[in-house]
Amino acid sequence: MIEKCQVFTPSQNVIELLDAAGYKRDLYGKKIIENACGDGNILVEIVRRYIEDSLNNNINLDKIKEGLEVDIHGAEIDEQHYFKCLANLDEMASSFGILNVNWKILNLDFLKQNFDGQFDYVIGNPPYINYRELNDETRAYLRENFTSCKFGKFDYFYAFVEASFKSISSTGKLAYLIPNSLFKNVFAQELRGIILPHLVRIIDYTSHKLFSQALTSSAIIVCDKKISSKNFEYKDIKKGSTTVIQKETLDKKWIFENYNFESEPKRRFGDYFSAAISVATLFNKAYILKEFKEEENHVCVGRFRIENDLIRRGISPRSLNSKKSELIIFPYKYVNSKLVRYSNEDFNKSFPEATKYLCNFSEELRNRKSDKNTKWFEYGRSQALAHLNQPKLLLSTVVTKEVKVYELTKDCIPYSGIYIVPKKELTLIQAKEILESKAFNEYVRAIGINANGNSLRITAVDINNYRF
Ligand SMILES: C[S@@+](CC[C@H](N)C(=O)[O-])C[C@H]1O[C@@H](n2cnc3c(N)ncnc32)[C@H](O)[C@@H]1O
């Protein structure tokens, strides 16, 4: 689990992070911690600044060594990186002629310590691990011990921000490099509430990617415990602009784009249509058929001949984009437009070939984190199924330049993206016009979470909340 987050900060961003915190002058006697320090990319620059500034203030090398041992702190859970960090710090100190420093770098889990109020600066790039990748034990620990993790699908870094915020003294500063999903993710709302009172600055890299493997873009947040202002400075790196944001104008999501919600029309998309997440099999490898041969009564997949009654067109925005034809095993039926679930016996009896095929994956299917009462051959989540048996629209959760909306027939089963069905009065053609409009695109620019490059991630809730 931890290995996934071991991505270290590039030197340019280390400089920006320390500058943003104002870690520049009069550093002697100021306690600082880098609480997930990895190989020490940030700590090494901290030590360099600390020594140079102390020398500028005519502090001798013996005193500087003592200072390093008291003022500079670090935590790292991984033993190998911890030792590498110590070696890197020794190298930096020795380049100034300072040897044998007894570093206060600890090889431990920062989230299990209590450093409340102890530091003048907390600086770092914490581990990011999304909820899906956290094991049950860590999830339970975070839920129990961190307000920001009480609800929903939190990220590991929420706990780090919360713990770091607590670790700064009443005059201390926090400068943290975090995924900028913090500003908009619904599950980070609690955390936004925690940091907002002392937030003084955001440096947002928006579509500029610092880490190629991360799913969202990055931002630096700076909190200053001695300042409780009504506004903060927001810098958009890509646009090169800096604005002052009034805290009281921020709602549940933090929107920094100039999008005028006040002037929005009254009709809410979600009152006329339902936008919802597509079916989630939780094991597409078994259900989505990419290599197959269609015959009269069945579909051949390898040595299996799956009964036609179970087969539908499987659709995802990606497959539509690449014009790939895919099928999906649909282990349900609709009777008078109502979803009917097969019993185990019925399924085995009616679809012996499909049963044999799915038995191939029986271990993986049984190990899914499925909804309660899900049968082994069914999809992991059933929430989308009730409304699927009608014509619908499909769009991707990731929007690049324009919003692409696809029309799907009644029989198609979307297994990725957001699908839309009508509720009252308006038609799907009208929904398509609304979603492909310039106004909706501007809304996406304002509320979307930066994903890859210029792409933005949106949710079904965002679509339902749109006003047209
Ligand atoms: C994203 S890396 C950043 C490393 C360093 N801050 C940098 O920017 O170069 C996160 C580091 O946190 C460490 N880590 C993960 N969980 C931790 C925990 N609970 N306590 C301390 N360190 C942890 C990982 O091993 C990894 O080295």
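Start with the second largest pocket of this predicted model. Select P317, R318, S319, S396 and S416: of the 22 residues that line this pocket, these lie nearest its centre. The volume of the pocket is about 540 Å³.

Now color the lining by class. You'll get 7 nonpolar, 8 polar and 7 charged residues. Which helix and which strand each supply at least two residues of this lining? Highlight helix 10 (317-321) and strand 20 (398-399), and there you have them. Helix 10 gives the largest share, with 4 residues.

**Next stop: the ligand**

Hop over to the ligand and show what's around it. You should see 24 surrounding residues, and the closest are T9, E34, A36, E76 and D109. Zoom in on three of these, one after another:

- T9: a polar side-chain atom sits 2.3 Å from an oxygen atom of the ligand.
- E34: here a polar side-chain atom is 2.7 Å from a nitrogen atom of the ligand.
- A36: look at the backbone this time, where an N or O atom lies 2.7 Å from a nitrogen atom of the ligand.

**Then: an annotated stretch**

Select residues 97-211. An unreviewed UniProt entry lists them as "domain: Type II methyltransferase M.TaqI-like". Switch to the cartoon view, and you'll find that 25% of this stretch is helix and 23% is strand. Click on the C-alpha atoms at its two ends: they are 34 Å apart.

**On to some strands**

A quick reminder before you go on: strands of a sheet pair through backbone hydrogen bonds, and they can do this in a parallel or an antiparallel way.

Pick strand 6 (residues 199-204) together with strand 7 (residues 218-224). Is their pairing parallel or antiparallel? It's antiparallel, over 5 bridges. To see one partnership in close-up, show L199 and its bridge partner in strand 7, C223.

Keep strand 6 selected and add strand 8 (residues 231-236). These two pair in the parallel sense, over 4 bridges. Show D204 as well, and you'll find D236 of strand 8 standing opposite.

**Last stop: a four-stranded sheet**

Finish with an open sheet of 4 strands, in the order 11-16-15-22. Its pairing is mixed. Which strands are at the edges? Strand 11 (288-289) and strand 22 (413-414), each of which pairs on one side only.

Go to strand 11 and its neighbor, strand 16 (residues 327-329): they run antiparallel and are joined by 2 bridges. Select L289 and look across to strand 16, where L327 stands opposite.

Definitions and conventions. Residues are numbered from 1 along each chain as its sequence is written. This is a predicted model: local features need pLDDT of at least 70, side-chain atom pairs count only at pLDDT 80 or more; totals for chains, interfaces and linings use all residues. Side-chain values use heavy atoms; hydrogens and water are left out. Two strands pair if DSSP finds at least two bridges between them. UniProt positions are given in the numbering used here, feature names are shortened, and annotations may be inferred rather than shown by experiment. On a 1 Å grid over the protein atoms alone, a cavity is a set of points where a 1.4 Å probe fits but cannot get out, and a pocket is an open set with protein on both sides within 12 Å along at least five of seven lines; lining residues have an atom within 4 Å of a point. Grid points are joined across faces, edges and corners, and a volume is the space filled by probe spheres set on the points. Ala, Val, Leu, Ile, Met, Phe, Trp, Tyr, Cys and Pro count as nonpolar, Asp, Glu, Lys and Arg as charged, and the others, Gly among them, as polar. A residue is near a molecule or strand if one of its heavy atoms lies within 4 Å of it. A polar contact is a pair of N or O atoms within 3.5 Å; within protein, one must be able to donate a hydrogen and the other to accept it, and residues adjacent in sequence count only if both atoms are side-chain atoms.
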